[in-house]
Amino acid sequence: MEVKKYTSMVITENYYTVEYDDKFFIIDPGYGSYSNLYKKIHDKTISIILTHGHADHIFDLLNFDFENVYLDDDARKTLVNPELNLGNYFKLGKIKIGEEKLKNNEVLDENWKIIKTPGHTEGSCCYLFADKYLFTGDTLFFNSIGRTDLPGGNEKQMKESLDKLRTILQQNSELIVHPGHDRSGSAEEVLMSNPFL
Ligand SMILES: [Zn+2]
């Protein structure tokens, strides 16, 4: 199993690849991820996992020849609406994906645990991979959290989501937290550095 982190140059969004068996996942394919990854993909079958539908996390999505896109059902609305996903702001065209390729993330295999964490957007999710890597998108950063004042944001839900994450981090100090922006760190480090937890 291999987990790699990359950072998009322009909008400094983190995207990740996760590889095991014959599977190749890309989490939140931001700006520049396609030109960076396409040589590594060769003829592998890839799938995309989204923590949420914001433009900076999906900028290169349609460049990839993916089998499926996994996300929370509540995140679909944001993904396809340029008003909600801030695509207008980023000059990103409308996202159109065939219904047959959009999958509820609950159908991912047993290596993935889905933690529903609305608050930054409707349908924001965190993904715990192999009981070790926690991909938190824009819900939780190393020493901060995502905004709740954008469309679909909800401060009360964010508080509940952070409560959920705090418990998970406290119970698993060895976890590696991989956020959608900024640096990664162990659960222990994040608990110490993040005033929102
Ligand atoms: Zn976001």
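Biologist: What share of the 197 residues in the protein chain do the buried ones make up?
Modeller: This is a predicted model, so to speak: local features need pLDDT of at least 70 and side-chain atom pairs count only at 80 or more, while totals for chains, interfaces and linings use all residues. Residues are numbered from 1 along each chain as its sequence is written. Call a residue buried if 20 or more other C-beta atoms, placed from the backbone, lie within 10 Å of its own (exposed: 12 or fewer; partly exposed: in between). On that count, buried residues make up 40%.

Biologist: And what is the radius of gyration of the protein chain?
Modeller: The globule rule (2.2 Å times the number of residues to the power 0.38, with the radius taken over C-alpha atoms) gives 16 Å for 197 residues. The chain comes close to that, so it is as compact as a globular protein of that length, with a radius of gyration of 15 Å.

Biologist: How many strands are there in the chain?
Modeller: Helices (H or I, at least four residues) and strands (E, at least two) are DSSP runs, numbered from the N terminus. Alongside 6 helices, the protein chain has 11 strands.

Biologist: Which strands stand at the edges of the 6-stranded open sheet?
Modeller: Strands pair if DSSP finds at least two bridges between them. The order is β1-β2-β3-β4-β5-β6, with mixed pairing. Two strands have a single partner each, so one side of each is left without a neighbour in the sheet: β1 (2-7) and β6 (102-104).

Biologist: What angle does helix α1 make with β3?
Modeller: Helix α1 (residues 33-41) packs on the sheet, touching β1, β2, β3 and β4. Axes are lines fitted to C-alpha atoms, for helices over the stretch in contact, and angles run from 0 to 180 degrees between N-to-C directions. With the direction of β3, that of α1 makes about 175°.

Biologist: Which residue in β3 is the bridge partner of tyrosine 16?
Modeller: Strands β2 (residues 14-20) and β3 (residues 23-27) run antiparallel, joined by 5 bridges. The partner is in contact (C-beta atoms, placed from the backbone, within 7 Å) with Tyr15, Val18, Ile49 and Phe135, among others. Tyrosine 16 pairs with isoleucine 27.

Biologist: Which residues touch the most other members of the largest nonpolar core?
Modeller: A nonpolar core is a set of buried Ala, Val, Leu, Ile, Met, Phe, Trp, Tyr and Cys residues joined through C-beta atoms within 7 Å. The largest has 37 residues, and those touching the most other members are Ile27, Ile48, Ile49, Leu50 and Phe135.

Technical notes: Two residues are in contact if their C-beta atoms, placed from the backbone, lie within 7 Å. Lists of a residue's contacts leave out its neighbours within four places in sequence.
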